[in-house]
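Trainee: I should like to go through the terms used for this structure and ask what each rests on. May we begin with the helix packing?

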Amino acid sequence: MIFDNVTAITMNARRQILTQGAVVVKANRIAAVGKSGEILSRFPDQAVIPCNGNVLMPGLIDTHVHTAQAMIRGCADDLGLIDWLGKRVWVLQGNYSEEDGRASAALCALEMIQSGTTAFLECMLAERYGFDGVAEVVLQSGMRAAIAKIVMDLPSYAKIEGFMHSGMVEDGRTSVDNTLAAHKKWNGAGEGRIQVWFGPRTPGGATLELYDEIGALAEERGMGITIHLSEVREDLEYARSQGFRSPAELALAHHLLGPRTVLAHCVWTDEADWKIFAQTGTTVAHNPASNSKCASGIAPVHRMLQAGVNVALGCDGGPSNNTYDLIRDLRLASYLANLRENDPTVVPAEAVLEMATLNGAKALGLDREIGSIEPGKRADFILIDMDKPHLTPCWDPVSTVAYCAHGSDVDTVVIDGRIVMQGRKVLTLDEEVVVEEARRRAPEVARRAGLDIGPRWPVV
Ligand SMILES: [Zn+2]
């Protein structure tokens with residue numbers, strides 16, 4: 001297939017923007033990238049897909065996703081963290097069945113594909129959501145994913161009355177064993193599209209011994225680890241109560257850091273922490289919308305990038321964002337960093353696009369495979385329909401995509417050489433069925449949880 005007449009934001013080493021370009025896909029890889037005329041004469045027998053001058057760029061990589069939370073989108077708006085988690089999110093999730101977990105993952109995948117995300121890191125898959133069902137959804141959707149199974153052995157949050165719902169508690173042995181079983185069964189499935197990782201609970205939700213064990217197992221098997229770290233100020237107090245200067249130092253001492261680790265949030269971190277992240281090659285998943293909505297704080301993204309940390313982007317979840325449209329968060333990531341540093345030059349459009357592509361690829365250990373439009377890489381890319389008033393005029397496709405586009409401007413999605421969406425129609429999942437099922441299941445979960453969720457204004 002030749003995707004012809006594109007404006008390609010290649011993200012190659014020279015960061016070239018190719019106009020009147022063409023991209024050739026053979027099987028699951030990019031075979032050639034070049035000027036349209038040259039490509040068409042070099043590959044005369046290939047099927048040509050005309051692209052109307054639209055932007056072609058690497059698929060976005062979301063490095064912090066809770067798939068189970070898609071179906072409880074908007075269930076806990078405008079609440080403080082304790083009530084947000086303890087009275088809504090955990091209560092609802094603690095009442096999920098495996099069918100609910102699967103339905104929510106399908107809803108989430110559908111939304112991600114429709115907004116140009118081609119690969120993601122599911123950060124906390126609980127036992128009760130059903131690992132197999134979620135992995136099957138990923139396979140069917142055509143997406144690329146690292147799925148991290150929850151590991152925990154300290155039900156400390158459950159001991160605070162009314163905080164962690166009993167349905168969310170797992171025991172240490174089972175949670176580790178089941179992660180290893182899922183790894184054995186699913187890692188590498190879908191021609192390598194699926195990876196299985198460890199998703200330990202944030203410090204306070206697991207013992208330090210469990211972290212040591214996970215660190216050793218991950219090292220031995222080449223598995224990734226993802227964990228929420230320094231999201232809120234209270235995380236610092238917990239680390240200090242355990243005798244550490246910061247959560248980053250706790251994570252370092254207990255073998256959680258390294259090039260296969262993704263730390264979510266890292267809002268409450270300092271220079272010494274950034275040095276640790278950079279030296280160990282650890283990735284930080286920045287979640288600008290979630291941090292803003294939950295008032296967790298503004299992460300020091302500019303400082304981390306300057307310190308050499310690999311910073312990628314994440315949407316987080318349905319109750320904290322409230323969408324899985326990573327394009328919307330490109331703009332927020334830049335604007336928030338400007339606000340924090342009181343300087344509009346610190347995290348420009350180019351930097352946020354790197355975070356959502358190249359840095360995300362590195363986070364998943366796939367920097368040699370995805371993240372840019374270059375011959376030899378896997379064909380994971382998207383086309384953005386630029387024929388829109390809010391994308392006009394377009395002086396610079398990079399800042400237009402980063403600051404003006406919406407997820408709904410994505411027209412075509414290709415993952416691993418397969419067209420997954422074309423003309424905004426998703427070809428791998430049945431949109432009507434997926435949406436209808438989520439719409440039916442969500443109120444049933446709320447009913448089982450004993451929650452009455454609705455408008456705060458009178459309904460007449
Ligand atoms: Zn999260």
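Mentor: Let us begin with a crossing: H14 passes H15 in a right-handed crossing. The model is a predicted one.

Trainee: Why are H14 and H15 called oblique to each other?

Mentor: The axes of H14 (residues 326–341) and H15 (residues 349–356) cross at roughly 135 degrees and come within 9 Å. Roughly antiparallel would require an angle over 145 degrees, and roughly perpendicular one of 65 to 115. The angle fits neither class, and H14 and H15 are therefore oblique.

Trainee: Which residues make that contact, and how do they divide by class?

Mentor: H14 contributes Leu326, Leu330, Ala333 and Ser334, while H15 contributes Val352, Leu353 and Ala356. Of the residues in this contact, 6 are nonpolar, 1 is polar and none is charged.

Trainee: What makes H6 and H8 roughly parallel?

Mentor: Helix H6 (residues 172–186) and helix H8 (residues 208–221) pack at about 10 degrees, their axes 12 Å apart. Angles under 35 degrees count as roughly parallel, so H6 and H8 receive that description. Their crossing is right-handed. Arg173, Val176, Leu180 and His183 of H6 meet Leu210, Glu213, Leu217 and Arg221 of H8. This contact comprises 4 nonpolar, 1 polar and 3 charged residues.

Trainee: Why is the site of the zinc ion called irregular?

Mentor: The protein donors are His64 (NE2), His66 (NE2), His228 (NE2) and Asp316 (OD), at 2.1 to 2.5 Å from the zinc ion. The angles among the 4 donor atoms run from 84 to 173 degrees. A tetrahedral site needs all angles between 85 and 135 degrees, so this range excludes that label, and the site is irregular.

Trainee: How are the zinc donors spaced in sequence, and what does the pair His64 and Asp316 tie together?

Mentor: The spacing is H-x1-H-x161-H-x87-D. His64 belongs to strand S6 (residues 60–65), and Asp316 to the loop between strand S13 (310–313) and H14, so the pair ties together parts 252 residues apart in sequence.

Trainee: What makes the backbone noteworthy at Asn322, Pro393 and Arg15?

Mentor: Most peptide bonds are trans, and most residues other than glycine have a negative phi. Asn321 and Asn322 are joined by a cis peptide bond, with omega about 10 degrees; Asn322 is in the loop between S13 and H14. Another cis peptide bond joins Thr392 and Pro393, with omega about -5 degrees, and Pro393 lies in the loop between strand S14 (381–384) and helix H17 (397–403). Arg15, although not a glycine, has a positive phi of about 55 degrees; Arg15 is in the loop between strand S1 (2–9) and strand S2 (17–26).

How values were computed. Residues are numbered from 1 along each chain as its sequence is written. This is a predicted model: local features need pLDDT of at least 70, side-chain atom pairs count only at pLDDT 80 or more; totals for chains, interfaces and linings use all residues. Side-chain values use heavy atoms; hydrogens and water are left out. Axes are lines fitted to C-alpha atoms, for helices over the stretch in contact, and angles run from 0 to 180 degrees between N-to-C directions. Helices (H or I, at least four residues) and strands (E, at least two) are DSSP runs, numbered from the N terminus. A crossing is left-handed if the near helix is turned anticlockwise from the far one by less than a right angle, and right-handed if clockwise. Contact means heavy atoms within 4.5 Å. Ala, Val, Leu, Ile, Met, Phe, Trp, Tyr, Cys and Pro count as nonpolar, Asp, Glu, Lys and Arg as charged, and the others, Gly among them, as polar. Donors are N, O and S atoms within 2.8 Å of the metal (3.2 Å for Na, K and Ca); water is not among the atoms, so sites may look incomplete. Four donors count as tetrahedral if all angles lie between 85 and 135 degrees; four count as square planar and six as octahedral if opposite donors are over 155 degrees apart and all others between 65 and 115; anything else is irregular.
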